[in-house]
Amino acid sequence: MDLALDAPTRTFIEVSEVWVPENDKLVLAAGNYGSLENFASISGNESFAKGEGLPGKAWAEARPIVLKEFEGSYFKRTEAAHEAGLTSAVAIPVFDGELLNAVLVVLCADDNERTGAIEIWRDKDDALMLEDGYYGAAKHFEWVSKHTHFPRGQGLPGGVWASNTPILMRDLGSGYKFIRSDSAGKAGLTTGLGLPVPTPSGQEYVLTLLSARGTPIARRFEIWDARAAKVGKANEAVLIDGICAREGPLWNEESERRATAWQGLIGRVLGSGVPVVESKVPGLTAGYDSMVALPIHQNGELSHIVAWYV
Amino acid sequence: MNRKKLVVIGAGMASGRALEHLFAAEPHGWDVTLFNAEPRGNYNRIMLSPVLSGEKAFPEIVTHDDAWYEEHGVTCRFGEKVTKIDRAEKTVSGEEGEPVAYDKLLVATGSNPFIIPLPGHDLDGVIAYRDLEDTNAMIDAAAAPGSKAVVIGGGLLGLEAAAGLKLRGMDVTVVHLMGHLMERQLDEAAGYLLRKALLDRGIKVMCSANSKQIIGVDGKVKALMLEDGTELPCDILVMAVGIRPNTGLAAEAGLATGRGIHVDDHMLTSDPDVLAVGECVEHNGAVFGLVAPLYDQAKVVAQTLIGETAHFVPKEVSTKLKVTGCDLFSAGDFEAGEDREDIVFRDPGRGVYKRLILKDNRIIGAVMYGDTADSSWFFGLMKDEQDISEMRETLIFGPAYQGGEPLDPMAAVAALPADAEICGCNGVSKGDIVAAIEGGALDLAAVRAKTKASGSCGTCTGLVEQVLGVTLGDDFVIPAAQSICGCTEHSHEDVRRLIKSQELKSQAAVWQELGWKSKDGCHVCRPAINYYLLADWPLEYRDDPQSRFINERKHANIQKDGTFSVVPRMFGGMTTSDELRAIADAADKYNVPTIHVTGGQRIDLLGVKGEDLPAIWADLNRAGMVSGHAYSKGLRTVKTCVGKEHCRFGTQDSSGLGIKLEQKLWGAWSPHKFKLAVSGCPRNCAEATCKDLGVVCVDSGYQIGVGGAAGMDLRETDALAQVPTEAEAIDVTVAFYQLYRENAKYLDRPYKWIAKVGLDWVKKRVIDDLENRKALIERFELSQTIYQKDPWAEHASERADAYQPLASLNLQAAE
């Protein structure tokens, strides 16, 4: 299976943090900073008004944002980020209708060895165009992606767009032989998670996380379906797809895995509607060190949760 | 312990599950040799679709890997076809090696995909969808940028293939013979929603499409040609039209076979040492394609092998489609019937349709689209045959109430952009009206005074009220409009508008998107909806005879004694001696008791028996006559006087114009019957001034009046225009008729419709705006390409059987 290998290696994402609104400001609710203690401590003391800094900008503009150059930008923690070797960030606002529940921010360290992709695709002229993306060392793939568009139903972004459902694709490089796939294969990208990012304006965005074997975004991916149309009003979610470097395929047609609100980390996302970032907590699924779980709110309900573990 | 020898032919899901049960019960009791024609062991074949789409990798769907076979001591002969079963010697021979002896043999040869023997079916690139090789062939075909696929078959497998190929980047068209997708699992309403979801994924879907030929170039598939001549270019053609049990080997071995290999309740074939399992078997006349009963069979196989008594009992099965984002569920029997009742729930906003089919207070079928949360609960009630009479009222909402509001027109109005035109007469946009409301115009009269919206024809009154409602919320109470019938809250006007604005092009679309409360309408709404659809979408929609009253279905007026009247068309009220002779001959031949000359200048043959209708029509057709449509909501007659050719007072060729008008308009359906007359001078011998449209010829041209009546209501026509030429008189008539067809409420005669919209509104569109007149004429002519066909000819040649009486049981008993 062409999964991300479970070997000690550096990951593509260095920092994940959740900012939640409190008294007209975004404050830090959770974060995984790894060994970057100084950056963690500065972030803990930070807050962002609407339009301020990267989280505040994602809130104000109500759209996901990629920031690849901190110096001279609106990014507020530039100095600390520089010291920590962090050079790029992606902010994903989590809206429930008009209401902002949280902003998930992930930060990456730029070097020539880490490969992966975090992309934002935007509906324009009846096709998805690349709004922006961070690719690390995958420069050729970045170039190809900028010159690619996806009609509805086509490819990972187009599939997510057409189905309004998160999709987990395997074997990005080997199975798909059109140009972007060929380039993905050459870049070592193996597994792709795509998810819709609803915004109050109705402008449609699709976020994709493309994970490479050597510097994986995650070693375990999960997609949970929480729609009432699927699970009723029980405030539960059912695992509809997932793969894990340690446990193999996570889907099982014959025996359904369910999560209930407030039970476990997925349950916490179900109950709160806010992303969860956890690290170094006992009993984390399959013995992983950290996890991020991101809710998707559509049509007035929490429709899906995607989670990734490293 | 002596291990018994088991040979298994076929390493599919059913035999794999049987082996699991067998090894669990007797871990060391069996020496197993497993033959498989595919070069691999057991994998979850039903998950090939996500492998095709890229949402699973093949290793994920492998059920038994090499280690599993090794652990259980299974001798694997993969990639090797079995050539012979020798039941006398109790051996199985493969393509290679010595025959393998068995104590027990399990035949699990599965099924073969059915390939339609179309010309070209053996071309390179024409494939079935059955195994990993087929899947890989499709993945390879998707590799070329811009490549195209055609999938024949809109069932489960075909649609999963289509979705997978689309995700791979191919341009995909599904060609389906039946009227809606997955017709074996879904009713038309659910099929409509599924089709919509696939169209939204960029997959083209063609239903009621009959494949004729596969076209190739240099031995490679290039296109599929349909019966109607349409060519669908493709680089790969996938046939997913069904499977047939693979019985060849068993039949050669002399085992009893029919559609499949015959097995009893213990899964034993006609030879007690040979068992069979899976898609290759036939049990009590049934064959199997879904996995659930195969797993039940597998359990029985294992129990039979270890000497336990077990019986295979087929259970209800349910269907799910593996296309991400398409949630559907189907189980049981969903055909309509007199002894059955439907409970229907629709939520157009969420794209949800749920239908339960009840018989004797028990659920016998369930079809769901968009919301399948309660499917397991319903399926349980169905399997347990539970009496649901106590919870009938709330049954459809499931174990917990599921809310949902049907789409109301307010939602559509709220979604309109500010520049959307609300009042076409005065060019008033939604933004203008909202600005007026925000400026203090808080009711219809104030908005009308300030913007002129709804001040002319008044057809937009409802819309303006809805804009008021959207803008003012609870502060404005919209006057209730009368709904069409109990199936819906919508008025005729709302439905007509929504059919156009939402592009609803089928009855299923109307029922679903407008939240119809019944499964498929009633005798009140169906004829209206059928008319609105064919008038607005002549190319896309096809007239539904089942939605018509008996006279229109039979193309003749039923009389009070059960016989029919037959009226041939006489264009402009003119006839010939040959036509009269043919009518007289027909009257004699079919013993027509009464012949009457009608007020519309036609000859009515009264008292024709129903079973004689096709024959009398055929006779009249041969004499050059077509149906007079004396029964239809459509053009009836154009009455004329003889005009200036014969009459001393005639000013124009009135009969000539009458013939031309009738030749132009006949065959079209309209909201109600439509009668015309052309008089050659103001003396008005043809009584043109009490018709729906009447032309009175004068020296300077043609006076056209509309909205006359001479029935329950009596009224004279109002002057629409005077035009100088015959050609323009025809244009104005056609444009007026089309305007009426497009806008009037079903069963409103023109005079009633004009009273609602105002004559000025009509004049503006038909007389003043020449571009609009031209567009109306073009749309009418387009519609006539479909509908100007003689129903007599069609029914006499193709549907004559439908007119034959049922057998008389009394007579048979007497004999």
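A hairpin of three residues links strand 14 of chain A to strand 15 of chain A. This is a predicted model, and that hairpin is a good place to enter it. Strand 15 covers residues 248-249 and runs antiparallel to strand 14, with two bridges between them. Within this pairing, A:Ile243 faces A:Pro249 of strand 15.

Strand 14 of chain A has further partners. Strand 13 (residues 220-225) pairs with strand 14 (residues 236-244) in the antiparallel sense, over six bridges. Here A:Ile243 of strand 14 sits opposite A:Phe221. A:Ile243 thus recurs: A:Phe221 is its partner in one pairing, and A:Pro249 is its partner in another. Strand 16 (residues 258-260) also runs antiparallel to strand 14, joined by three bridges. In that pairing A:Glu236 is matched with A:Thr260 of strand 16.

How confident is the predictor in chain A? The average pLDDT is 90, and 95% of the residues score at least 70. The start of the chain is another matter. Residues 1-6 of chain A stay under 50. The model still gives this segment 24 contacts beyond four places in sequence. Where pLDDT is low, the predicted coordinates should not be read in detail.

Now cross to chain B. How many residues of chain B are in contact with chain A? There are 30, and they meet 30 residues of chain A. On the chain B side, 10 are nonpolar, nine are polar and 11 are charged.

Chain B has 815 residues, of which 47% are buried. Its C-alpha trace spans about 115 × 75 × 65 Å along the principal axes. The secondary structure comprises 26 helices and 38 strands. Of the contacts in chain B with a separation of 6 or more, 63% join residues 24 or more positions apart.

The domain assignment divides chain B into six entries. Domain 1 is written in two segments, 4-111 and 245-305, and domain 2 takes 126-241. Domain 3 (327-397), domain 4 (410-539), domain 5 (550-627) and domain 6 (637-789) follow. The centres of domain 3 and domain 6 of chain B lie 51 Å apart, taken over C-alpha atoms.

End with helix 1 of chain B, residues 13-25. Its 13 residues reach 19 Å from first C-alpha to last, close to the expected 18 Å. Which of its residues are buried? They are B:Met13, B:Ala14, B:Ser15, B:Gly16, B:Arg17, B:Ala18, B:Leu19 and B:Leu22. The cover over these buried residues includes strand 1 (4-9), strand 2 (30-36), strand 7 (104-107) and helix 8 (291-305) of chain B.

Technical notes:
Residues numbered from 1 in each chain as written. Chains lettered and ligands numbered in written order. Predicted model: local features only at pLDDT ≥ 70, side-chain atom pairs only at ≥ 80, totals over all residues. Domains from an automatic or database assignment. Contact = placed C-beta atoms within 7 Å. Nonpolar A, V, L, I, M, F, W, Y, C, P; charged D, E, K, R; others polar. pLDDT = per-residue confidence, 0-100. Helix = DSSP H or I, 4+ residues; strand = E, 2+ residues; numbered from the N terminus. Expected span 1.5 Å × (residues − 1). Buried ≥ 20, exposed ≤ 12 C-beta atoms within 10 Å, placed from the backbone. Pairing = 2+ DSSP bridges.
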